[in-house]
Structure formats: C-alpha cells, structure tokens
Amino acid sequence: MGVAHPNEIRIEPGVAEAVSRLTVVPQRRYGIWVGTGLALLVAFLIIRAFASNPAFAWPTVVGYLLHPSVMRGLGNTLMLTAVIMILAIIVGTVIAIMRVSPSPVLRSFAGLYVWFFRGVPALIQLIFWFNLSLLIREVSLTIPFVGTLFSVRTNDFMTPFFSAVVALSLCEAGYMAEIIRAGIKSVPSGQAEAASALGMPYRMILKRITLPQAMRFVLPPTGNEAINLLKMTSLVTFIAVDDLFYSAQSIYARTFETIPLLIVVAFWYLAVVSIMSVGQHFLERHFGRSDTRRDPMTLRFLRNVISLRGMSR
Amino acid sequence: MSDVKDENRARFGVPADSMVFARGVRKSYGPLEVLKGVDLDVPVGSVACVIGPSGSGKSTFLRCINHLEKLSAGILLVDSQFVGYDLRDDRLYEVKDDLLCQRRAETGMLFQSFNLFSHMTVMENLIEAPTQVRRTPPDQAKAEAEILLRRVGLLDKVDRYPRELSGGQQQRVAIARAMAMKPKVLLFDEPTSALDPELVGEVLQVMRDLAESGMTMVVVTHEIGFAREIGDQLVFMDGGVIIERGAPREMIANPVSPRTREFLSRVL
C-alpha cells in the first residue's frame, strides 16, 4: 500500500465523467410551498375586499387626500413631532447624564423621572397637563421686598398645543434618557479613563469622547422612537389639537365618511413613516463610518436596550 | 512653584533628582486593602519596572501616581509635588478639577487595551488633548504630532481610524498621544500584554528609544527581558507590598526572596 502523494493524484477520464454526470436535487420544502400558497390566497382576498367593497369609497379617499384641513392637520402633526422630539432629546440627554453621574442624588432623581414618565400612560399625562389649571390656578414670580414680577393665569398659557408639547416631550424624554444612557454605558470605560489620564475634565470627556461615541448606538433606537412619536401624537386629538387625526375626525363627524377618512389618515402616517425610515437608514450609515463591524460593543448595547425594552412598552 | 518643591523636599526628605516619590502608600476598597504601604523612588530619567502576579496591586499603584485612584494613606509626589492636593498647615486640600487635570496631564499613561479614541483618526487622537486641554493652536499641535508620529514610525497612518491599525501600531500611537502632552513621566500599565507575540517587539523598541532619550518611566510589565535590558531598577510586588527591589540583572539572576524566585521561575 503506497501513500498517495498530493501532487501525484491524477484523475482518470472515467472518474471525471462520472463526477460531471452528477446532478444535485434540492430538498423538497413542502411547508414553504403550503405557506406561500396560503399567503397568496390571503393577499388575493384582501385585495378583492379592498377593490370590491363599495364602503371603502376610493373616489372619496382620493378626494380628501389633499383636502386643505387634512393638509393643515398633517402640518401640525409634523410640527408637533419635530418640536417634541427635539425637546425630548435635550431633556433626555440631561436626564441620561444625571443617571450616570457620580452623585447618588442626581442618579436617583433621574431614575425617578424615568420611572414616572415611562410608567404613566401618555394619554393620562396629556390630559393631566391640559387640566393643570385645576391644580395650579396661576403662575407668578414673587421676590421678597420687590413684589410680584409677573403673574399669569395657567389657562392663558396652557393651550391645547402647548400642553401637548409639554406632556409628550416629558414623556418621550423618559424613553430617550434610557436610550442615551444605554449608549453612554456601551462606550468602553477605558475611553474615559484614557481621556482623564490626558488631563481632560469630566465635562470635556462627556462632550468630546463619550457622547460622540454613544451616538452611533443611540441613533437606531432614536429613529424608532421618532416613528413611534409620530403616531403617538395622534393622542392629542383627545385635547382638541388640530392634528392629522383630529382634522379627519372633524370631517367625518360631519359627513359620516368614516372609513375613507381613516384611510386618508393611515395613508399619510404610512407615507411619513416611510420617508423617516429612509432618512434613518442614511443617518445610521453616516454615523457608522468609524466602525461598521458588529463588535462586542454593539452586542453589549443590544443587551442594554433589550433589558430596557423589557421594562417599557 | 519651586518654593513648594523645596518645602516638600525638606519636609519629606525627597531627593533632589526625584520624579516619583512614594512613602507608605496604602489603598483600600472598602474592607479590601490592595496596597499595604508601598515606598518607591524613581529618579529623573530612570526606568523603574514593576513585576508581580496579577492582583498584587501593581496596576493600582500605577493609577495612584497620576491620581486616577486616591490614596487611602501615605504620600505620593510627582516632581516633588502632590498631584491631587495642596499642602497647607499640615492639611492636604484636594485641588479643584481643572488644576488636578493640569497636573495629571504632566504624567502620561499607557494602557493594556491602548484606549485610543475610536471615533477619531490617529491625528485627531494626538491633537485632542493638546488643543482642548492646553489650548495649543491646532497648526502647532499638528506639527508636533507629526514629529511624534515619525518617531514611532507611523507618519503614514495619520488619517487612519484606530480599528484599521494592528495592536502594536495602536499602542505606538497611544505612546505618541501621551507624549503629545510633553509629560514629565510616563506610566505603562502592561503595555504589551494584549498584543500578539510578533507585535510585542515594535512596542518595546519604541519604549527603548524613549528610555534612551531620557524619559522617566514606570513600567508594569511581564516582559522580564525588557526589564533586564532597559530597567534601572526592578521592583517585585506581591500582596500589596514590595517584596524585593534592586538592579534588574542581579535581581533576576539571584533573587533574595523565595517568593521572587518562585515568580521569576514561572515567568522566565
């Protein structure tokens, strides 16, 4: 028995022919075929229902799609989302920094904030702020020996729009704080340590080292939050803010074309969410530049986010 | 300034050429005492190598030198000055953060895991502290950074991000980054322990060049060969105290303490 030497192996013509005659037969996946069939059937039934049921009233839908009051409502919804998101990011960042602060008092305060504003349903917070005048009749600033500098009746400034902004910003800030905190925690501690050894003070380390690195972990969940918030703003209908949903409601309350107007509303929400998703994708790619691999940091961050997700919604 | 130094020298018996001066340094975390009275003298321009098993307190001691850890007892002077305190009437007043940061910047530190800022390029890593902490004009900081990068042989990597460099290159950049603050002393915390064996040499070479240029260095290391070749003194720590110290060659060849002998036999 000789030992085969690698560079001496020769393939006989008969063997080569036998090898090339072989064909691969894919495994039969009957489950997938059945599933595909069912999915197609369901899709067909849905489309048929949409097309054939006159109650959908597609011409009415098209007629209202660009209706001036729907457009005004859409504008208000977009503005609410933008203003609330910006405020929520600012407040959330402050709360997140407090949550990682060395001071136990600041940490507890921030913890209580998140606990409260994430725990109480947004709708209840909204109605609470709207009715703030029941609790505090007027807001005034009085300095001893100087007198009252100003005094405003709560009802004068707690307009529906203003209370919507206050309520939803504070609520959303609770979620943003947790996202930003998870981002900060995902930056390896060695980064802050090295900065500290180079003589950088705490504030500078946060601003120049920790927060910028936290950004790329913070961005994807922030995009999701923005999309959630867009939809959450429909709650302001309850306190008569003229948003997208409210404007549709006020039309169908008059004309009883309920379903077509709900479709108009759904269309616009879907359209905006789609645009936001595309924007989110590009933003994430931009901030992922200095690291595109899935590294242990990313995994640690995912773990942090999952644990906070479990506690929230 | 020099008044303070003179006063400290007279008061604590600090030698005139002292860069790091430690007497009775203790450090506890709750009930756990990590350092149990460490005395050390590192003269200007010399290299002290600290060896010892993990958990012996050598890294903690290093972090005490630049006040990343506060001492529980004892004194630690860098260039005859306290890093984190001002001494007045037998009281050590903790200094304000900005002053602490200024003084801490005078001791450079290198880490096992390099800790380059991962969102910055090599150049940005080097000029970050000089421009932000010392307010050096960016152009000047860049010019100085280029000189340092040439010294560690990485001038061609200025625009790379840390993840694009090998471990050895990252540690060399980290050394250049520490040097950019023109420190009086460099502290190395196991600088080659996280490196693949074939990359250790290039980092040790840079450290050797630094030592030859007269840099004062305290090196916590497992590289006995480096300690023997470059070290002016070798210190063996175990259980939070210094067991033995001496000239590296003699100590490695003829350790006095049985614990030193046992440790050396395991790492050599």
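## A walk through a predicted two-chain model

Asp90(B) counts as exposed, because its relative accessibility of 61% is over the 50% cut-off. That residue is a handy place to start in this predicted model, and its backbone deserves a look too. Asp90(B) is not a glycine, yet its phi is positive, at about 65°. You will find Asp90(B) in the loop between β6 (85–88) and β7 (91–94) of chain B.

Now move to another loop of chain B, the one between α2 (58–65) and β4 (73–78), where His67(B) sits. His67(B) also has a positive phi, near 65°, and is a residue other than glycine. Is His67(B) buried or exposed? With a relative accessible area of 10%, His67(B) falls under the 20% cut-off and is therefore buried.

Let's step back and take in chain A. Its secondary structure consists of 13 helices and 2 strands. Of the 313 residues in chain A, 38% are buried. If you count the contacts in chain A with a separation of 6 or more, 75% of them join residues 24 or more positions apart. The area that chain A exposes is about 18900 Å², and 70% of that area comes from carbon and sulfur atoms.

Next, turn to where the chains meet. Chain B brings 24 residues to the contact, and chain A brings 21 residues. Together, chain B and chain A bury an area of about 2000 Å², with carbon and sulfur atoms giving 57% of it. Which residues of chain B lose the most area to chain A? They are Phe117(B), His119(B) and Arg163(B), which together account for 29% of what the chain B side buries.

From here, you can look for open space in the model. The largest pocket has a volume of about 820 Å³. Its lining is made of 30 residues, and those nearest its centre are Pro102(A), Ala192(A), Ser196(A), Tyr202(A) and Ile205(A). Both chains take part: α9 and α10 (202–232) of chain A, along with α3 (97–104) of chain B, each supply at least two lining residues. The biggest share comes from α9(A), which gives 5 residues to this lining. Sorted by class, the pocket lining has 15 nonpolar, 7 polar and 8 charged residues.

Enclosed spaces come next. There are 2 cavities of 30 Å³ or more. The second largest cavity, with a volume of about 50 Å³, brings you back to α9 of chain A. That helix (189–197), together with β8 (107–110) and α6 (167–179) of chain B, each supply at least two residues of the cavity lining. From chain A, the lining residues are Ala194(A), Ala197(A) and Leu198(A). Chain B adds Gly108(B), Met109(B), Leu110(B), Phe111(B), Ala174(B), Arg177(B) and Ala178(B). By class, this lining has 8 nonpolar, 1 polar and 1 charged residues.

Our last stop is the largest cavity, which has a volume of about 70 Å³. How do its lining residues divide by class? There are 3 nonpolar, 2 polar and 4 charged residues. To locate this cavity in the structure, pick out Val78(B), Asp79(B), Gln81(B), Phe82(B), Val83(B), Arg103(B), Glu106(B), Thr107(B) and Lys184(B), which line it.

How values were computed:
Residues numbered from 1 in each chain as written. Chains lettered and ligands numbered in written order. Predicted model: local features only at pLDDT ≥ 70, side-chain atom pairs only at ≥ 80, totals over all residues. Heavy atoms only, no water. Helix = DSSP H or I, 4+ residues; strand = E, 2+ residues; numbered from the N terminus. Buried < 20%, exposed > 50% of the residue type's maximum accessible area, 1.4 Å probe, protein only. Contact = heavy atoms within 4.5 Å. Areas by Shrake-Rupley, 256 points an atom, 1.4 Å probe, with all protein chains shown as cover. 1 Å grid on protein atoms, 1.4 Å probe; cavity = no way out; pocket = protein on both sides within 12 Å on 5 of 7 lines; lining within 4 Å. Points joined across faces, edges and corners; volume = space filled by probe spheres on them. Nonpolar A, V, L, I, M, F, W, Y, C, P; charged D, E, K, R; others polar. Buried area = accessible area lost by both parts, 1.4 Å probe.
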